[in-house]
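Subject: Handing over a structure

Dear colleague,

I am passing this structure on to you, together with some notes on what was found in it. Please have the sequence and the coordinates open while you read, since the notes refer to residues throughout.

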Amino acid sequence: MSNDLMIYAHRGYSGRYPENTMAAFKAAYETGAQGIELDVQLTKDGEAVIIHDEKIDRTTNGTGYVKDYTYEELSKFDAGSWFNPSFSKERIPRLQSFLKWVTEQDKEMMVNLELKTDLFDYQGIEQKVLTLIEEAGLKQRIIISSFNFDTLKRVRQLDNDIAIGVLFEGIDEEKIGQARSIHAEALHCDQSFALSKGGIEAIAQGLQLRVYTVNNHEDFGPLQTANVQIVMTDYPEKQS
């Protein structure tokens, strides 16, 4: 069995642009990456927004938790200057706006939505995200992943066949059984698992492996040999 390794831009083209911003997503598209990975949380007023950390301190000029702001309040923060002053006009994107942008592009791309429910189990986030996906007509191009297995179970209860990836760190062979129990087609893992006996067993049981976050070019060969399907990288232009 062999495969062509697909490249997903981790938080967009985050090696050279501020992560999880439209600038990073547009740049990823221009590199020819086959997909974009991003993170989703909910605001105080229930808007699905794209940001990795539960707090806005690291990637904006504001402070505090995403969940404590309305989207209107969040939209006023600068989400780019922390990376470089030239990106001062970047803002935290709404998921709805990002999905609309995806539908407007000439080239089809896959999108991996990581639901960030590790710290706060945002009530209703699963239905909110599924509704936005349905409204955009993008279900066949979406993968939903999360470190929170309860989140993934709720997604599967709400939708019988949307693509799901069980996300975890390190070598944990129990994730194979978890993935199969909710009919997930993939494990989203790090390189250590992909190259372990567990990775071999996962593939033997029909699961795909999608590996994060791989930024060294020399690591791609062994992963391709191991029949990994997708690699997520901060530098998609180096690989695509």
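The largest pocket has a volume of about 180 Å³, and please keep in mind here, as in everything below, that this is a predicted model. Sixteen residues line that pocket, and those that lie nearest its centre are His10, Glu114, Phe147, Leu167 and Tyr212. Strands E2 and E4 are the elements that give two or more residues to this lining. Sorted by class, the lining of the largest pocket consists of four nonpolar, six polar and six charged residues.

Turning from the pocket to enclosed space, the count comes to one cavity of 30 Å³ or more, and the volume of the largest cavity is about 60 Å³. Its lining is made up of Glu19, Asn20, Thr21, Ile50, Ile51, His52, Thr59, Thr60, Ala79, Arg91, Ile92 and Pro93, which by class gives five nonpolar, five polar and two charged residues.

Asn20, one of the residues in that lining, deserves a second look. It sits in the loop between strand E1 (6-10) and H1, and it has a positive phi of about 55° although it is not a glycine. With a relative accessibility of 3%, Asn20 counts as buried, because the cut-off for that term is under 20%. A second residue other than glycine with a positive phi is Asn227, where the value is near 65°. Asn227 belongs to the loop between helix H9 (220-225) and strand E9 (230-233), and it too is buried, with a relative accessible area of 15%.

As for the interior, the largest nonpolar core holds 69 residues, of which Leu38, Leu95, Phe98, Ile144 and Leu187 touch the most other members. Apart from that core lies another, of seven residues, including Tyr8, Ile143, Leu167 and Ile230. Leu167 is thus a member of this second core and is also among the residues nearest the centre of the largest pocket. If neighbours within four places in sequence are left aside, the contacts of Leu187 include Val166, Phe168, Ile176, Phe193 and Leu209.

Two helices show how buried residues are arranged. In helix H3 (residues 95-104), the buried residues are Leu95, Phe98, Leu99, Trp101 and Val102; seen down the axis of H3, they fall within an arc of 155°, so they line one face of the helix. In general, an α-helix has 3.6 residues a turn, so residues three or four places apart point the same way. The cover over the buried residues of H3 includes helix H1 (22-31), strand E2 (35-42), strand E3 (48-50), strand E4 (110-115), helix H4 (125-136) and strand E5 (142-146).

In helix H5 (residues 149-158), Phe149, Thr151, Leu152, Val155 and Arg156 are buried, and they cover an arc of only 155° around the axis, which puts them on the same side of H5. These buried residues pack against E4, H4, E5, E6 and H6.

Finally, is Ile171 buried or exposed? Ile171, placed in the loop between strand E6 (163-167) and helix H6 (174-181), is exposed, with a relative accessible area of 54%. Leaving aside neighbours within four places in sequence, Ile171 is in contact with Ser192, Phe193 and Ser196.

With best wishes

How values were computed. Residues are numbered from 1 along each chain as its sequence is written. This is a predicted model: local features need pLDDT of at least 70, side-chain atom pairs count only at pLDDT 80 or more; totals for chains, interfaces and linings use all residues. Side-chain values use heavy atoms; hydrogens and water are left out. Buried means under 20% relative accessible area, exposed over 50%, partly exposed in between (1.4 Å probe, protein chains only). Helices (H or I, at least four residues) and strands (E, at least two) are DSSP runs, numbered from the N terminus. The arc is that of the directions from the helix axis to the C-beta atoms. Contact means heavy atoms within 4.5 Å. On a 1 Å grid over the protein atoms alone, a cavity is a set of points where a 1.4 Å probe fits but cannot get out, and a pocket is an open set with protein on both sides within 12 Å along at least five of seven lines; lining residues have an atom within 4 Å of a point. Grid points are joined across faces, edges and corners, and a volume is the space filled by probe spheres set on the points. Ala, Val, Leu, Ile, Met, Phe, Trp, Tyr, Cys and Pro count as nonpolar, Asp, Glu, Lys and Arg as charged, and the others, Gly among them, as polar. A nonpolar core is a set of buried Ala, Val, Leu, Ile, Met, Phe, Trp, Tyr and Cys residues joined through side-chain atoms within 4.5 Å.
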